Amino acid sequence: MKVPLLDLKRQYSVIKDEIKVAINDTLESQCFILGPVVAEFERQMAEYTGSKGAVGVSSGTDALLLALMALGVGAGDEVITSAFTFGATVGTIQRLGGVPVFADIDPDTYNINPDDIEKRVTSKTKAIMPVHIYGQCADMDKISAIAEKHGLKIIEDSAQAAGSKYKGKKAGSLGDLSGYSFFPSKNLGAYGDAGMVTCNSEDYVEKLKVLRQHGAKEKYYHREIGINGRLDALQAAVLTVKLKYLDEWCDARRERAAYYTKKFEGASIKTPVIDKNNTHIFHQYVIRVKDRDGLFKRLGEKGVGSAMYYPQPMHLQESLKEFGFKEGDLPETESAANETLALPMFPELTESEQDYVVETVNDFYSGK
Ligand SMILES: Cc1ncc(COP(=O)(O)O)c(C=O)c1O
């Protein structure tokens, strides 16, 4: 049997007709850059996330970059974040001349550990950027309390967390600004690159709309230095169709996660820990194991897709060597990077496929 890590074709086969209509309508309109379809999707996302406003942008990376720009993060400003993340979280800070400062993670949820954040606050700290890793929100009450105490802003990296909730509130409404990614493999995925910034004030909406369009409110009159970071109408049309299904898809992922966890009962692996405040959306179902690399190899040989998110933590990346981090600086982050593995997870995954994945993992640990 072959079980892919992700199969987007199964989802497409269900929504194909609606998608084709939405794309065709956009083609007929010949309006591709911003316009009414983008504005409507922004309205729906603000409503869905419970945010004051949402601004469509070209990718999750640009969402984080623009959020940092909206806060005025620049040379020498420190941003506290997690090193157990995708490169864009950190690269965007560096691109602006900012300094990434890393707090270690919680070994159960893999999210940033708030107790480690406060120790890292200095007079140069401007913001905290928690990453809602794998689709489970970070410990936002504690993070917000630290931010308030020290006068810091919060940018949520919600790239993996479309639909995720903390104490009943959606990711994207828990900080000052938040960056979503609609990369095709995400729970809410476009058919190309796309992203969104959600935020808690109209002022940010206004600022972001200028920044995503070359820093110009009025065409050819540039107020400040911006980027070309707009969401295009074809992606917004696809995303508007898909948003209607998002909760249903997240429920299906949660059911499949619960099924894996039940089937792994008694096995010598650690299954995902869901914090009591969270509604996890299982962008990834990640297990923690001994001999991770051996398991990865075995799964591949047996036709099961799996992936390491992330094999090399950010503080040990070559692109950060100027900061002089070394192994041992973030022990929990480094252990997680060596011991975690994502298993196949998507809403259409079947029970027999899951049974085969569990059996293949269990066989590996029982020496078969
Ligand atoms: C945690 C995290 N942050 C940022 C990004 C960047 O998003 P994009 O690929 O849409 O630029 C991703 C996407 O993989 C991500 O997983």
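In which sense do strands β4 and β5 pair, and over how many bridges? In this predicted model, β4 (residues 125-129) and β5 (residues 153-157) run parallel to one another, and their pairing covers 2 bridges. Within this pairing, isoleucine 128 finds its bridge partner in isoleucine 154 of β5.

The two strands belong to a wider arrangement. An open sheet of 7 strands, mixed in its pairing, follows the order β1-β9-β8-β5-β4-β2-β3. The edges are taken by β1 (53-57) and β3; each has a single partner strand, so one side of each lacks a neighbour in the sheet. From one strand to the next, the twist averages 25°. Helices accompany this sheet. Helix α2 packs on the sheet, where it touches β1, β8 (177-181) and β9 (195-199), and its direction makes about 130° with that of β1. Helix α6, for its part, lies across β4 and β5 and runs at about 150° to β5.

We can turn from the sheet to the nonpolar interior. The largest nonpolar core holds 41 residues, of which Phe41, Met45, Ile117, Ile143, Phe182, Leu188 and Met196 touch the most other members. Two or more residues of this core come from each of α2 (36-49), β3 (99-103), α6 (140-150), α8 (233-243) and α9 (246-263). Helix α2 is the element that gives the most, with 5 residues. The core also draws on both domains, taking at least three residues from domain 1 (8-243) and at least three from domain 2 (246-365). Leucine 188 offers a good view of the surroundings: leaving aside residues up to four places away in sequence, its contacts are Phe41, Met45, Ala162, Ser181, Phe182, Phe183, Leu239, Lys242, Leu243 and Leu246. A second core, separate from this one, comprises 25 residues, among them Leu64, Ala127, Met129 and Ile227.

A charged residue deserves a closer look as well. Arginine 288 sits in strand β13 (residues 285-288). With a relative accessible area of 11%, arginine 288 falls under the 20% limit and is therefore buried. What does the side chain of arginine 288 reach at 3.1 Å? The backbone oxygen of proline 107 lies at that distance, while a polar contact of 2.9 Å joins the side chain of arginine 288 to the side chain of glutamate 339. Beyond four places in sequence, the residues touched by arginine 288 are Pro107, Tyr110, Ile269, Lys270, Glu332, Ser335, Ala336, Glu339 and Thr340. Proline 107 and glutamate 339 thus appear both in this contact list and as partners of the arginine 288 side chain.

How values were computed. Residues are numbered from 1 along each chain as its sequence is written. This is a predicted model: local features need pLDDT of at least 70, side-chain atom pairs count only at pLDDT 80 or more; totals for chains, interfaces and linings use all residues. Side-chain values use heavy atoms; hydrogens and water are left out. A nonpolar core is a set of buried Ala, Val, Leu, Ile, Met, Phe, Trp, Tyr and Cys residues joined through side-chain atoms within 4.5 Å. Buried means under 20% relative accessible area, exposed over 50%, partly exposed in between (1.4 Å probe, protein chains only). Helices (H or I, at least four residues) and strands (E, at least two) are DSSP runs, numbered from the N terminus. Domain bounds come from an automatic or database domain assignment. Contact means heavy atoms within 4.5 Å. A polar contact is a pair of N or O atoms within 3.5 Å; within protein, one must be able to donate a hydrogen and the other to accept it, and residues adjacent in sequence count only if both atoms are side-chain atoms. Two strands pair if DSSP finds at least two bridges between them. Axes are lines fitted to C-alpha atoms, for helices over the stretch in contact, and angles run from 0 to 180 degrees between N-to-C directions.
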